[in-house]
Amino acid sequence: MSNRTRAELLAAVTAAARRHHAAYTLFSQALADRLGLHQTDLQCVSLLGLEPRPRTTGEIAKLTGLTSGSATRLVDRLERAGLVERSPDIHDRRKMLVSPAGQRAPEVAAAWDAPGRAFAQALDDFTDEELLVVERYLQRITQVGSEQAERLQKE
């Protein structure tokens, strides 16, 4: 156990999280540059890859924090770049669904190979129980970050 107080531990976690965010932002920009994309474009492609089903442009706006007009322009750019494709929603013909496209999928996957291995290797010495704590922390912080972004946008 640590000899640090709870306040010291919380301050250390907060500082580490801020450093992580800064480092990951730099990594994300470098990866986007490698692929010839804007960082928001890469974020959208990454998030769409995590989604269990295609999303509407309105849902993409919520995922990325963009306005609906900006999300439409984003999807237009990604479609021209061969990174996403639109298809009609069979349940509502007024809507178009956006999903990752196969055209550049191998290129994007290849760009993630070395970083993915490095990130996985960084977790090699964590126990399963520690990984569960890390996952819980990341899920909780992601939710708080989303809530705070929404709050700031409303102010």
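Modeller: The bend at a residue is the angle between two fitted axes, one through the seven residues that end there and the other through the seven that start there. We can use this idea on the model above, which is a predicted one.

Colleague: What makes you speak of a kink in helix 5, and where does the kink lie?

Modeller: The angle between the two axes comes to about 40° at D113, so this is where the kink is placed. The proline P115 follows shortly after D113 in helix 5.

Colleague: How do you know that the span of helix 5 agrees with its number of residues?

Modeller: The expected span is 1.5 Å times one less than the number of residues, and for the 18 residues of helix 5, which are residues 105–122, this gives 26 Å. The end C-alpha atoms of helix 5 are 25 Å apart, and therefore the two values agree.

Colleague: What does the same reasoning give for helix 1?

Modeller: The 30 residues of helix 1 should span 44 Å, and its end C-alpha atoms are 43 Å apart, so here too the values agree. Just after helix 1, G36 takes a positive phi of about 70°.

Colleague: Why are some residues of helix 5 called buried, and which are they?

Modeller: A residue is called buried because its relative accessible area is under 20%, and in helix 5 the residues that meet this cut-off are V108, A111 and P115. What covers them includes helix 1, residues 6–35. In helix 1 the buried residues are F27, S28, L31, A32 and L35, and their cover includes helix 2, residues 39–50, together with helix 5. Over the protein chain, buried residues make up 23% of the 155 residues.

Colleague: What makes F119 and L138 lining residues of the second largest pocket?

Modeller: A lining residue has an atom within 4 Å of a pocket point, and the residues that pass this test are F119, A120, A122, L123, L131, V134, E135 and L138. Helix 5 and helix 6, residues 128–154, each supply at least two residues of this lining, while helix 6 gives the most, with four. The space in the pocket is about 180 Å³.

Colleague: How many residues of that lining are nonpolar, polar and charged?

Modeller: Seven are nonpolar, none is polar and one is charged. Glu counts as charged, so the charged residue in the list is E135.

Colleague: How many helices and strands does the protein chain have, and in what order do they run?

Modeller: The protein chain has six helices and three strands, and from the N terminus on they run α-α-β-α-α-β-β-α-α.

Definitions and conventions
Residues numbered from 1 in each chain as written. Predicted model: local features only at pLDDT ≥ 70, side-chain atom pairs only at ≥ 80, totals over all residues. Heavy atoms only, no water. Buried < 20%, exposed > 50% of the residue type's maximum accessible area, 1.4 Å probe, protein only. Contact = heavy atoms within 4.5 Å. 1 Å grid on protein atoms, 1.4 Å probe; cavity = no way out; pocket = protein on both sides within 12 Å on 5 of 7 lines; lining within 4 Å. Points joined across faces, edges and corners; volume = space filled by probe spheres on them.
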